[in-house]
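Morning, everyone. Please pull up the structure, and let's walk through it together.

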Amino acid sequence: FDRGVAYVPSDPLLSNQWHNVGTEAVNINILDAWDYFTGANVKFGIYDDGVDNSHVDLSGNYDASLHVLVNGTFDDPTIYNSGDGHGTAVAGLIAAVEGNDQGVVGGAYNGTLTGVDIFGAGGNAYLFGAMNEQSRFDVTNHSWGWNQPFADNSLNVGWLGFFSGLQDAAINGRDGLGTIQMVAAGNDRGVADNTNTSNFTSSRFVNAIAAITDGGQIAQYSNPGASLLVAAPSNGGSQGIQTTDYSGALGYNSGD
């Protein structure tokens, strides 16, 4: 079965995205995957510190209709708060616009993105409520966590609201197929932490993801653990990951 030549988007920085199409042995060879799946009709919830929805490489895929309201509180993920920037970088990896002759390409470039600012003024009350709204999304991304063992204690009654959201999403998301919940393994390998010491990363309702470098080695910060499902390309090696940045001086650098 010859599928012919794979489609290569025109976005100028695609060739810099070694994790997608590079020559490194650990790249995910995504051009072949795009023959079959591009993220079309997939709704992604970016649980993070917000997303620059006006970014030239994100605005076309941003869906504000799915913004999360919790008990009358709305932490607007499109308004920059001090230190924000991480969510925008994550969003670009997932669904940066394809074929606009700008920047990079997201792995699911035809999907839609919605930011959920869990680090805003609403605090834990907003976080716990937002976790129970995951079922509105097909996939949620959680590139965050705790660095204290069992800070997220599922046996503590105070955490019931948080963990009920994981189960609700797994049961009710995607019209009963279950929301796919992607959770970072954590960045504390250097202090001998692992995914087993977090009830979030060890939950049976989520997918815990480790990080590897462009050299195919485990990233020096990435937590080990029995609950890991897969390892995916990240930084920590000789190359970082190129993605979208909060526009202007507010981001990690002065560009976008």
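Let's begin with helix α5 and what lies against it. The buried residues of α5 pack against two elements: α4, residues 123-131, and β4, residues 180-184. A word of caution before going on: this is a predicted model.

Which residues of α5 are buried? They are Phe-162, Phe-163, Gly-165, Leu-166 and Ala-169. Look down the axis of α5, and these buried residues fall within an arc of 140°, so they line one face of the helix.

Now check the length of α5. The helix covers residues 160-172, which makes 13 residues. At 1.5 Å a residue, α5 should span 18 Å, and its end C-alpha atoms are indeed 18 Å apart, so the two values agree. Just after α5 comes Arg-174, with a positive phi of about 50°.

Step back to the whole chain. How many helices and strands does the protein have? Five helices and six strands. Reading from the N terminus, the order is α-α-β-α-β-α-β-α-β-β-β. The radius of gyration is 18 Å, close to the 18 Å that the globule rule gives for 256 residues, so the protein is as compact as a globular protein of that length.

A few more overall values. Along its principal axes, the C-alpha trace spans about 55 × 40 × 40 Å. Of the 256 residues, 46% are buried. Take the contacts with a separation of 6 or more: 71% of them join residues 24 or more positions apart. The protein exposes about 12,000 Å², and carbon and sulfur atoms supply 51% of that area.

Next, helix α3, residues 86-95. Is α3 mostly covered or mostly open? Mostly covered, with eight of its 10 residues buried. The buried residues are Gly-87, Thr-88, Ala-89, Val-90, Ala-91, Gly-92, Ile-94 and Ala-95. They pack against three strands: β1, β2 at residues 112-117, and β3 at residues 139-142.

Pick one residue from α3. Thr-88 sits in this helix. The relative accessible area of Thr-88 is 0%, so it counts as buried. What does Thr-88 touch, leaving out residues up to four places away in sequence? There is a group of Gly-50, Val-51, Asp-52, His-55 and Leu-58. Then there are Thr-244, Asp-245 and Tyr-246.

On to a loop. Tyr-62 is found between β1, residues 43-48, and α3. Is Tyr-62 buried or exposed? Its relative accessible area is 14%, and the cut-off for buried is under 20%, so Tyr-62 is buried.

Who are its contacts? Leaving aside neighbours within four places in sequence, Tyr-62 is in contact with Val-51, Asn-53, His-67, Pro-77 and Thr-78, and also with Leu-113, Thr-114 and Gly-115. One of these partners deserves a second look. The side chains of Tyr-62 and His-67 are joined by a polar contact of 2.8 Å. Val-51 is worth a mark on your screens too: Tyr-62 contacts it, and Thr-88 touches it.

Here is a distance to try yourselves. Tyr-62 and Ala-208 are 146 residues apart in sequence, and 25 Å apart in space, C-alpha to C-alpha.

Now set that beside another pair. Asn-41 and Gly-111 are 70 residues apart in sequence, but 5.9 Å apart in space, C-alpha to C-alpha. Where is Asn-41? In the loop between α2 and β1. At 75% relative accessibility, Asn-41 counts as exposed. Not counting residues up to four places away in sequence, Asn-41 touches Asn-110 and Asp-138.

Last stop: backbone angles. Asn-29 has a phi near 50°, a positive value in a residue other than glycine. Asn-29 is in the loop between α1, residues 18-21, and α2, residues 30-33. Its relative accessible area is 43%, so Asn-29 is partly exposed.

Ala-192 also has a positive phi, near 60°, and again the residue is not glycine. Find Ala-192 in the loop between β4 and β5, where β5 covers residues 207-212. Is Ala-192 buried or exposed? Its relative accessibility is 66%, so Ala-192 counts as exposed.

To recap two points. The buried residues of α5 line one face of that helix. In α3, eight of the 10 residues are buried. Thanks, all.

Methods. Residues numbered from 1 in each chain as written. Predicted model: local features only at pLDDT ≥ 70, side-chain atom pairs only at ≥ 80, totals over all residues. Heavy atoms only, no water. Helix = DSSP H or I, 4+ residues; strand = E, 2+ residues; numbered from the N terminus. Expected span 1.5 Å × (residues − 1). Buried < 20%, exposed > 50% of the residue type's maximum accessible area, 1.4 Å probe, protein only. Arc of directions from axis to C-beta. Contact = heavy atoms within 4.5 Å. Rg over C-alpha atoms; globule rule 2.2 N^0.38 Å. Areas by Shrake-Rupley, 256 points an atom, 1.4 Å probe, with all protein chains shown as cover. Polar contact = N/O pair within 3.5 Å; in protein donor to acceptor, adjacent residues only side chain to side chain.
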